Amino acid sequence: MTALLIETATEICSVAVWRDGVALSAKSASEPFRHAAMLNVYIQEALEAASVETTELEVIGLSEGPGSYTSLRVGAAMAKGIAFALPAIRLYPLSSLRALARSAYARGWSGPLISSQGSRRDEVYACWYAHENDLKQEDIRPVAISVHDPALKAFVAGQEKVHICGSGSLKIADALASPAMVLHEEHLPTAAYLGPELEAALTANRQAADVASFEPLYLKPPFVTVPKKRSLL
């Protein structure tokens with residue numbers, strides 16, 4: 001199985017080519033929020049580096065979110081465009097936070113874990129798992145939550161050790177200030193981290209998404225600001 005993995009849920013735009021459990025190539029931005037400008041370029045470069053033609057692709061694994069409204073739309077538009085152009089390709093939306101947790105457990109971490117993605121002000125997107133087996137539970141879904149929310153405090157309370165990973169980890173650690181927390185802010189993988197999550201979806205015989213109706217997991221509306229410059233009209 002040859003797949004194109006597209007990551008636009010996090011601040012760093014990333015693409016990888018995945019085949020039979022191995023990342024053949026990966027390309028990531030060196031600056032945040034370069035999705036609209038660079039996604040198409042990274043796809044071309046990743047395919048060239050892996051010596052894979054677009055016609056060889058069988059699956060697209062797309063980070064469905066949560067994350068920035070704009071960057072998620074960029075990823076979804078690109079994935080849907082490729083799928084419409086090559087109808088044999090199947091589109092699999094993948095939970096970014098569950099994929100992050102799966103990659104963390106694969107590194108040998110164990111026990112309670114919070115996977116997170118930064119959001120505005122004192123909020124994060126987060127999922128938490130008591131142990132690795134919780135990854136099989138589809139009803140554990142990401143939430144947009146304040147770092148001061150009692151649910152996060154209750155999950156950490158009484159634990160000897162809780163791993164926290166992702167771009168929202170520092171916010172959570174600062175807010176909860178628990179000695180049980182083990183911070184892994186550096187665990188910000190490239191799009192290749194979506195590969196094991198895609199493999200799990202295929203093994204579970206999950207249905208591919210309907211390309212026409214698919215929408216990313218936004219969780220929050222777009223953040224719209226009022227222009228500071230005066231209109232010419």
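This dialogue reads a helix, a strand residue and some salt bridges in a predicted model.

Trainee: Which residues of helix α5 are buried?

Mentor: In α5, residues 169-176, the buried ones are Ser169, Ile172, Ala173 and Leu176.

Trainee: Why do they fall on the same side of α5?

Mentor: The general idea is that an α-helix has 3.6 residues a turn, so residues three or four places apart point the same way. Here the buried residues of α5 span an arc of only 95° around the axis, and therefore lie on the same side of the helix.

Trainee: What covers the buried residues of α5?

Mentor: The cover includes strands β6 (113-118), β7 (123-129), β9 (162-166) and β10 (181-184), together with helix α4 (150-156). Just after α5, Ala177 has a positive phi of about 45°.

Trainee: Turning to β1, is Thr2 buried or exposed?

Mentor: The cut-off for buried is under 20% relative accessible area. Thr2, in strand β1 (residues 2-7), has 5% relative accessibility and so counts as buried.

Trainee: What does Thr2 touch, leaving out residues up to four places away in sequence?

Mentor: Its contacts are Val17, Trp18 and Arg19, then Val52, and then Glu56, Leu57, Glu58 and Val59. With Arg19 there is also a side-chain polar contact of 2.9 Å.

Trainee: How many salt bridges does the model have?

Mentor: The count comes to eight. One of them pairs Glu64 with Arg141, with 3.9 Å between the closest N and O atoms. The pair links distant parts of the chain, 77 residues apart: Glu64 is in strand β4 (residues 59-65), and Arg141 is in the loop between β7 and β8 (143-146). Glu64 is buried at 13% relative accessible area, whereas Arg141 is partly exposed at 38%.

Trainee: Where in the chain are Arg73 and Glu215?

Mentor: Their side chains meet in a salt bridge of 3.4 Å, N to O. Arg73 belongs to helix α2 (residues 69-85) and Glu215 to the segment after α6 (194-203), 142 residues apart. Arg73 is partly exposed, at 39% relative accessibility; Glu215 is partly exposed too, with a relative accessible area of 45%.

Trainee: Which residues do salt bridges with shared partners join into one network?

Mentor: Start with one pair: the side chains of Glu197 and Arg102 form a salt bridge of 2.6 Å, N to O. Glu197 in helix α6 and Arg102 in helix α3 (residues 96-106) are 95 residues apart. Glu197 is buried, its relative accessible area being 0%. The network joins Arg98, Arg102, Glu138, Glu197 and Arg206.

How values were computed
Residues numbered from 1 in each chain as written. Predicted model: local features only at pLDDT ≥ 70, side-chain atom pairs only at ≥ 80, totals over all residues. Heavy atoms only, no water. Buried < 20%, exposed > 50% of the residue type's maximum accessible area, 1.4 Å probe, protein only. Helix = DSSP H or I, 4+ residues; strand = E, 2+ residues; numbered from the N terminus. Arc of directions from axis to C-beta. Contact = heavy atoms within 4.5 Å. Polar contact = N/O pair within 3.5 Å; in protein donor to acceptor, adjacent residues only side chain to side chain. Salt bridge = Lys/Arg side-chain N within 4 Å of Asp/Glu carboxyl O.
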